[in-house]
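Reader: I am new to this kind of model, and I would like to learn how to read its features one at a time. Could you take me through them slowly, beginning with a single residue?

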Amino acid sequence: MGRLPMHGISRTAEIDLSGEWQFRLLPHGAWSTAQVPSLWTMHEETDRPHYTNVPMPFDEVPPQVPDDNPTGVYRRSVELSPQAGRRTILHVGAAEGLLRVSANGQDLGTSTDSHLAAEFDITDAVRAGSNEIQLTVEKWSAASYLEDQDHWWQSGLSRPVFLYTVPEVRLADLSVVADYDPEAKCGALDVQVFTTGLDHLPESGWTVRIGVLGQTRTTSVTPRLIAPTLPTPADARSVRPEPMLPAGFSGLLGLKAAGAPLEEPMRQAAEMIGRYAHPTERPGTAAFALDDLVVQPWSAEIPHLEELSVELVAPDGGVADSTTVRIGFRRVRIEGRDLLVNGERVLIQGVNRHDVDPRTGRVLSRETMLAELSLLKRFNVNAIRTSHYPNDPYLLDLADELGFYVVDEADIEAHAFMATIPHDPRYLPEFLERVSRMVLRDRNHPSVIIWSLGNESGYGANHDAAAAWVRRFDPTRPVQYEGAIATDWHGGHGASDIVCPMYPHLDALKAFDGDRPVILCEYGYSQGNSAGGLADYWELFETLPGLQGGFVWGFKDHGLDPDGDGRYRYGGDFGDEPNDGPILLYGLVFPDLTPKPAFYEARGLFSPVRVAAEGDTLTIRNRQFFADLSAYELELRVETQHGPGPSRTVPAPAVAPRGEARLPIPDDLLKHIADALALTLTVRTRYDSRWAPAGTEIAVHQVTYPRKPWAPPYGIARNDEISHPLLLIPPRLSLWRALTDNDRAFSLDNRFVRSGFFDLTPIDGGYRTAWGEEVVHRRTIRQVGDADWVLSENVKLPEDTEDGLRVGMEFILVEGFEHARWTGLGPWENYPDRRSSALLGVWESMIDELAVPYIVPTENGGRGEVTALELSGPAGTMRTAHTPLHMTVGRHTVAQLEAADHWWKLPPSSVTVVHLDVAHRGVGMAHLGPDTRPEFRLTATEYAWEWRLILSTETR
């Protein structure tokens, strides 16, 4: 008995064990019920979610585990009718922790990888009628040190559990290499079929039949034996650990003692390599080779799949076992500094994806996985890194079908002990097993183009051993590991075929001249109001040799909402100590998949087209590598000074991959250009697909035109200050914003902190900073009409001012304003270094919808290049006009935003807070990565501008 080896055959559940199980949380819990799959940490009060980034959540060292080790026991009865000649297999999709399995009181084995399935042959332990299945999950084991990912620590059964049966003689494994020659434009298919059970039968004449591309091939099964002295990993797992050892350690590694001689783990590693050596060395093999096939290749842009059927045929002609698999013909190669897919140097427009759902933790439904990948497709993402463990096989099925390039990452992260574990031979077998089982499971997926050895685990001999195994077993894909190149981009060849750094600075990328492709495994850090400078990376990716994109960190916020009250929690909110607070709120989307403004920035950069204008003609460039533009239609719309103008929808021109075409601007639009702010080009899908209906917007681009300079009207000079019934607080100088996560990562000019600046009484003509220095603010007011003023502002900061946050006016309107209309950049939030995808036009919104509810309140909701703003509601109307300023309109002040640690803790407010800034700092990504560029920082000491303010209590 014991856990069965991993294989590449997908089996269908015959008895679905999802649903209600009896459950008890040891050591003190009583028997109750729990749903499977689910995580007990999402509902058990005695063991809640715990978030740490780097440190382990307990004070131990490998391989020791805490004495306090919560253990969940799941059990249920299942009615079975065993059939002669068939084996019953229990499939546990994933167990967060050390899994022990028993049936009818008989121990069947253990498993320690929390993110790969474990299968057990329970045939000899079950009987006809009622049977009790028990799954015991120990939270901590020696393997926990390999699962120190930047995520919530949780426990339970996170993926489906089911039973299926197989015949005694059956298909055991399947390896498919579907190659595509881009020069000859033909495919080749290599199929290796492995069987089991034939070594016990005297009959000959067993055959394997495959069907693909309208062809059928049959060949005999050739028995090939492995030396009987090498037990399988499953045999090792059937040995129960001795109770004197740390829980899970000897079950994990098969050692007799924590201090066992090093020869023991080395022997186990050798056994594993022998078990999973080259496919032709395994028993019961049938091989097929088909050449010169007329095929349509697979790519993320055109994810064409074929179906391969495989049948094991008995000597009497009956089909003993069968399976089908979807395959895609494609070739992945590295040539020099280029990663090639089907001969093309593709650009990786990727995201890092974790399993996370606000209500269920790391338990995801198929509907959620489809929703996630559909959203990624609609935002032009073409690649996923499965950070930092293998994902549910269904997600890879979707990646094959919808079209994504996948970096499949092993469940190895030893962040807290990265200096020791990669060199520790006691962990060598587990390194090899985690990597090899991933490869064995996923090697038939065309979407998987790169294997990753894990994440943030230092670099040592264990990595080199795992990489060597992968390269020997699967030479059709490259291997990557960031730790191998972390300290030397020219090194680490033993474990990485790709230079895959984290959060590199732009100058380092510009200067690097290496011998391998550079694909960033993490960049564009998106915690809170962030991702400023994403366009700077893409300027390099699209212009410099050797750079091929990367994976934004990350896709989705990890805020949890177990109660369903909309109040997202982060580290520390469950009483978890120690914790790393809100660091896991780094998504391009909120926990409910609502896109953040930074995702729209990425959408524009990842667009399949680029557009430029010359006279009355547009140049459309196709950024795709394999697909033309026939799948899209284009809408052209004139943005006038008064709002959206006329529009026309046309099919996209016939542009070959990487090609260009000229598109004349229709005459009925040209006549409006003289008064236009911009010409907007919207890219929409032309046909229905699984990820989007026809007409779905996937990108918007603009050609902008010169704007007429604003000329302030004449008025009568006056010396008194502005007052009006609509003004709760009249315009005043503002130099501070509610700090973003990135603002806390660099040295701010703290003389302008809110506690030292705003609380002081203004002196004559200015203010005092927190350090006692003078800020001079001179204002001239001209009265244009009743409640109509032109304000000329001049601000002088101390001479040694460094890197401020904002310079502008703040005023607060009374209650009763509901609607906003502005001329400037929109419709989504944008900042000076994150607006390459923002659009110039006249925009409208409800004021309550202008703010962006980052889970930790921060500066938010800004819109740049605003020349006119109108706010209206039952209270009246407020209008402004000016040269382009940065606008923020919301319900809360800077002080209120900074005082709250969760968005849902902000006090209710119906007033309207308005900021109009002549200068506003970029948001950058300095928390992890480069800060905003110098041109987006505030380094001047004097600012001057004019603006007009009109107030009226009349309503429209």
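Author: Let us begin with Val-319, which, once its neighbours within four places in sequence are set aside, is in contact with Arg-209, Glu-311 and Leu-312, where contact means heavy atoms within 4.5 Å. The model is a predicted one, in which local features need pLDDT of at least 70, side-chain atom pairs count only at pLDDT 80 or more, and totals for chains, interfaces and linings use all residues. Residues are numbered from 1 along each chain as its sequence is written, and side-chain values use heavy atoms, with hydrogens and water left out.

Reader: Where does Val-319 lie, and is Val-319 buried or exposed?

Author: Val-319 lies in strand β20; helices (H or I, at least four residues) and strands (E, at least two) are DSSP runs, numbered from the N terminus. Buried means under 20% relative accessible area, exposed over 50%, and partly exposed in between, with a 1.4 Å probe and protein chains only. At 43%, Val-319 is partly exposed.

Reader: How should I read the sheet that contains β20?

Author: Strands of a sheet pair through backbone hydrogen bonds, either parallel or antiparallel. Two strands count as paired if DSSP finds at least two bridges between them. Here 4 strands form an open sheet, in the order β17-β16-β19-β20, with antiparallel pairing. The edges are β17 (215–220) and β20 (319–327), each of which has a single partner strand, so one side of each is left without a neighbour in the sheet. Within this sheet, 5 bridges join β16 (residues 207–212) to β19 (residues 306–313), and Val-208 has Leu-312 in β19 as its bridge partner.

Reader: Which aromatic pairs should I look at, and how many are there?

Author: Rings of Phe, Tyr and Trp (its six-membered ring) pair if their centres lie within 6.5 Å; planes under 30 degrees apart count as stacked, over 60 as edge-to-face and the rest as tilted. A search of the whole structure finds 26 aromatic pairs. One of them joins Trp-152 and Phe-574 edge-to-face, at 5.5 Å centre to centre and with 80° between the planes. That pair links distant parts of the chain, 422 residues apart, with Trp-152 in strand β12 (residues 151–153) and Phe-574 in the loop between β30 (547–552) and α11 (597–605). Trp-152 counts as buried at 2% relative accessibility, and Phe-574 counts as buried at 15%. Phe-379 and Phe-599 have ring centres 4.2 Å apart and planes at 15°, so this pair is stacked.

Reader: Which residue lies over the face of Phe-379?

Author: A charge sits over a ring if NZ of Lys or CZ of Arg is within 6 Å of the ring centre and within 35 degrees of the ring normal. Arg-603 lies over the face of Phe-379, at 5.6 Å from the ring centre.

Reader: What is the largest nonpolar core, and which residues have the most contacts inside it?

Author: In soluble globular proteins, nonpolar side chains tend to be buried together. A nonpolar core is a set of buried Ala, Val, Leu, Ile, Met, Phe, Trp, Tyr and Cys residues joined through side-chain atoms within 4.5 Å. The largest one in this model has 145 residues, and Phe-599 and Leu-618 have the most contacts inside it. Helix α6 (residues 428–442) gives the most to this core, with 7 residues. Apart from this core lies another, of 48 residues, including Leu-726 and Trp-822. Phe-599 is itself buried, with a relative accessible area of 0%, and among the residues that Phe-599 touches, beyond those up to four places away in sequence, are Leu-375, Phe-379 and Phe-555.
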